[in-house]
Amino acid sequence: MSSPKSAYSIPTKKGKLDTHIFVVWVDNESGVLARVVGLFSGRGYNIESLAVAEVDATKNISRITIVTTGTPQVIDQIKLQLKKLVPVHKVADFKREDKNVIFKEMALLKIVAQKKKIDKCLKECKKFNPVILDKTNKSVVVQITALRREIDKMSKKLKPLGLTSTSRTGAIAMTRGAQTFK
Amino acid sequence: MSKLYTGAEIVFKCLEDQEVEYIFGYPGGAVLPIYDELKHHSSIKHILVRHEQGAGHAAEGYARSSGKPGVVLVTSGPGATNVVTALTDAYMDSIPLVCISGQVPTHLIGTDAFQECDTTGITRPCTKHNWLVKDIKELPKIMHEAFKVATTGRPGPVLIDIPKDIQFAKTNYTKFKKEKKLNGKIHNKFSENEINQLIDLISKAKKPVVYTGGGVINSGPQASETLKEFVRLIGFPITSTLQGLGAFPGDDNQFIGMLGMHGTYEANNAMHDCDLLINIGARFDDRITGKIDEFSPKSKKVHIDIDPSSINKIIKVDLAIVGDVNEVIKSAIKKINKKQNGLKDSNKQRISKWWEQIQKWRTKDSLGFINSDKEIKPQHAVKRLYELTKNQDTFITTEVGQHQMWAAQHYKFNKPNRWMTSGGLGTMGYGLPAAVGVQIAHPDKLVIDIAGEASVLMTIQEMSTAVQYNLPIKIFILNNQYMGMVRQWQELLHEKNYSESYSEALPDFVKLAEAYGCKGIKADNPDELDDKIKEMIDYNGPVIFDCHVDPNENCFPMIPSGKPHNQMILGPNDKEENKITGKGKSLV
């Protein structure tokens, strides 16, 4: 038999993978990001994107937004494991399909081309709240906010029109309506 | 203005306030200020080990046998890296440890200074939490928080890294008051409804089994008493994991032995065929479940655990009760007594057929072995050791391997906290230093490390610690000259290619004992075994007992990993021995 002689059982069939967005409120202390990220790498969870910044300067609270994929069982584990970390205050977990939650990513796009092409680019960006941050005769830096896949599509589309570099944030999330996550 | 204390003084003030009596440690440059302060604190005794790993395991043995957190003190760099194995071991087996490590002065951190390492970085995945103290004012708070994190919820190790300049710096210290309020990381809010559901399942079950683990031990000695009451009340068969042994009396008729890879035939078959499985403080470890897809396929499953992340991690359960084991079973007992007076009789009747089946499985005598009058069989040695020590309160530690499984199978524990073994991490070299820690916690008790000759050599240097502190630990080595468990797997699965599992040039353990200044005893004949064991027990001081056993003995029964519980390999006594072939071979 060609399969390796292992001391452990064979993996059972994998379930369906879902994409989830975790929002984690943590004490903004040194090493806290390493703890959260280390938990993911140490237990073999996957991180698609990560966004983190302090949101409450008086209480020293940072908000970490992590996009990840996993089977329902793994998603459940991620949540429970995150909650066990000492500097973690609360953990929210949303399905990407969740209509009650707004997900946004920001991208900075640098386009180097002739005016005609640049104008064409800006037109393409119109749907995604474009802000022109810098403009010269030969170039433009434009900021857009959109969903991940929309930005993916945009960069593909703008490549032939002179897109030379892209810088993107990870997704951040917020629930709709008056409610806040407790 | 109140008096200012140095960081080193504050460390001891905190330890005093936490009622710490012993610290296990090894000095070095970056902890010298703390060591300097030691002499002013007579209530705290320092145990000097010979290697930092030994300090960690000794603290584990101390903690496991006493229920108090173990405290470790090591220096920076190699001191900290040497203790990593013990921290990981404690993390896997949920043992409360507080490790204090020295660090290079704050201004040198990050410069690759002498004996510098990223201690908090290295120990982050193997502790519940760790702290690098950057400000002296934080030190008292962190010290007390560390004890709280280590001992509450699911216990575990924590580490506090204190740079040398912080140990010299001064600040105020206000006396610590133990707060009663539980913090947010502790989960003990199970509901009445969950208890009702549990009782409903109990009253309907026809083929139930209770499966207990280390969580019962961690819940305190009271939990074992409550468990006994509970199990006697419901009349169910009970099995235990390696870590849970002793929570329920091993010689009780309701106890059907340890389960899992080397568990009894009756326990594993009961797990497979049951219709109700009540997991109390265990975590469905892979050595227990075998093949997940075929694990206990027909049962409703209940999981009682204090750690919410243990629930549904490996096995999906029908009812999860998150809470302290003792509290949960106590309220279940209360409910049963109050609500269902008839349960006791009617339930026992309902499960009488199940008990008959279990008796049938028992007649297989799966722990049986063919004894010999020429060679000492390792199982026989453990059995004799048990018989000759069962009349006194004995504490057993083990190393890792065949001897550990034989000890678990043949030594019967009647009380919790008497059995210290490395289950999760499987650390060879755990038993000897753990015995040191156990003996410190229980100076008048008999402490025996059932060891293998390969394991014990990994931390043999701690004999010197035992001699220094006059700790009469007994190292009972089942010497088969092989890494027995490795050899067994090679025999069964790798065509008897005994690659590197034979130890040539083993030391003469009797002379080794003498070199350390303790007593050496050697036995290689079954006739002399009893007398020699008695000689070991009666000797007032540390002993290394070199028990030469049959080198070819295998540990049975055994479930190969790829197989479910009802497909065990039994020992040579069993005629229909189930050879591992084909697919199964790749999985063990």
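Where is the place of P557(B)? In this predicted model, P557(B) sits in the loop between β20 (543-548) and α25 (582-585) of chain B. The peptide bond leading from F556(B) to P557(B) is cis. Its omega is near -5°.

Confidence was examined next. The model scores ipTM 0.89 and pTM 0.94. The average pLDDT of chain B is 93. In that chain, 94% of the residues score at least 70. Residues 580-588 of chain B are another matter: pLDDT stays under 50 there. For this stretch the model has 32 contacts beyond four places in sequence. Where pLDDT is low, predicted coordinates should not be read in detail.

Chain B contains an open sheet of six strands. The strand order is β3-β2-β4-β5-β7-β6, and the pairing is parallel. The edges are formed by β3 (45-48) and β6 (129-132) of chain B. Each of these edge strands pairs on one side only. On average, neighbouring strands of the sheet are turned by 20° against each other, direction ignored. At one edge, β6(B) pairs with β7(B), which spans residues 157-163. Four bridges join these two strands in the parallel sense. Within this pair, N130(B) stands opposite L159(B) of β7(B). In a regular strand, side chains alternate between the two faces of the sheet.

Helix α3 of chain B, residues 52-66, lies across four strands of chain B. These are β2 (22-25), β3, β4 (70-74) and β5 (97-103). The helix runs at about 165° to β4(B).

α3(B) also packs against helix α5 of chain B, residues 84-93. The angle between the two helices is about 25°, and their axes are 7 Å apart. An angle under 35 degrees counts as roughly parallel, and α3(B) and α5(B) are therefore roughly parallel to each other. From α3(B), the contact draws on Q53(B), G56(B), H57(B) and E60(B). These meet T85(B), A86(B), L87(B), D89(B) and A90(B) of α5(B). By class, the contact of α3(B) with α5(B) has three nonpolar, four polar and two charged residues.

A second helix pair in chain B joins α17 (residues 378-389) and α18 (residues 402-410). Their axes lie 9 Å apart, at an angle of about 45°. That angle makes α17(B) oblique to α18(B). The crossing of α17(B) past α18(B) is right-handed. On the α17(B) side, P378(B), Q379(B), V382(B), K383(B) and Y386(B) make the contact. On the α18(B) side, Q402(B), H403(B), W406(B), A407(B) and H410(B) take part. The residues of this contact divide into five nonpolar, four polar and one charged.

Chain A provides an antiparallel pair. Strand β2 of chain A (residues 49-56) is joined to strand β3 of chain A (residues 61-70) by seven bridges. A53(A) stands opposite R63(A) in β3(A). The two strands, β2(A) and β3(A), form a hairpin with four residues between them. In the turn, N60(A) has a positive phi of about 60°.

N129(A) also has a positive phi, near 45°, in a residue other than glycine. N129(A) is placed in the loop between α3 (115-125) and β6 (131-135) of chain A.

Technical notes
Residues numbered from 1 in each chain as written. Chains lettered and ligands numbered in written order. Predicted model: local features only at pLDDT ≥ 70, side-chain atom pairs only at ≥ 80, totals over all residues. Pairing = 2+ DSSP bridges. Axes fitted to C-alpha atoms, helices over the stretch in contact; angles between N-to-C directions. Contact = placed C-beta atoms within 7 Å. pLDDT = per-residue confidence, 0-100. Parallel < 35°, antiparallel > 145°, perpendicular 65-115°, else oblique. Left-handed = near helix turned anticlockwise from the far one by under 90°. Nonpolar A, V, L, I, M, F, W, Y, C, P; charged D, E, K, R; others polar.
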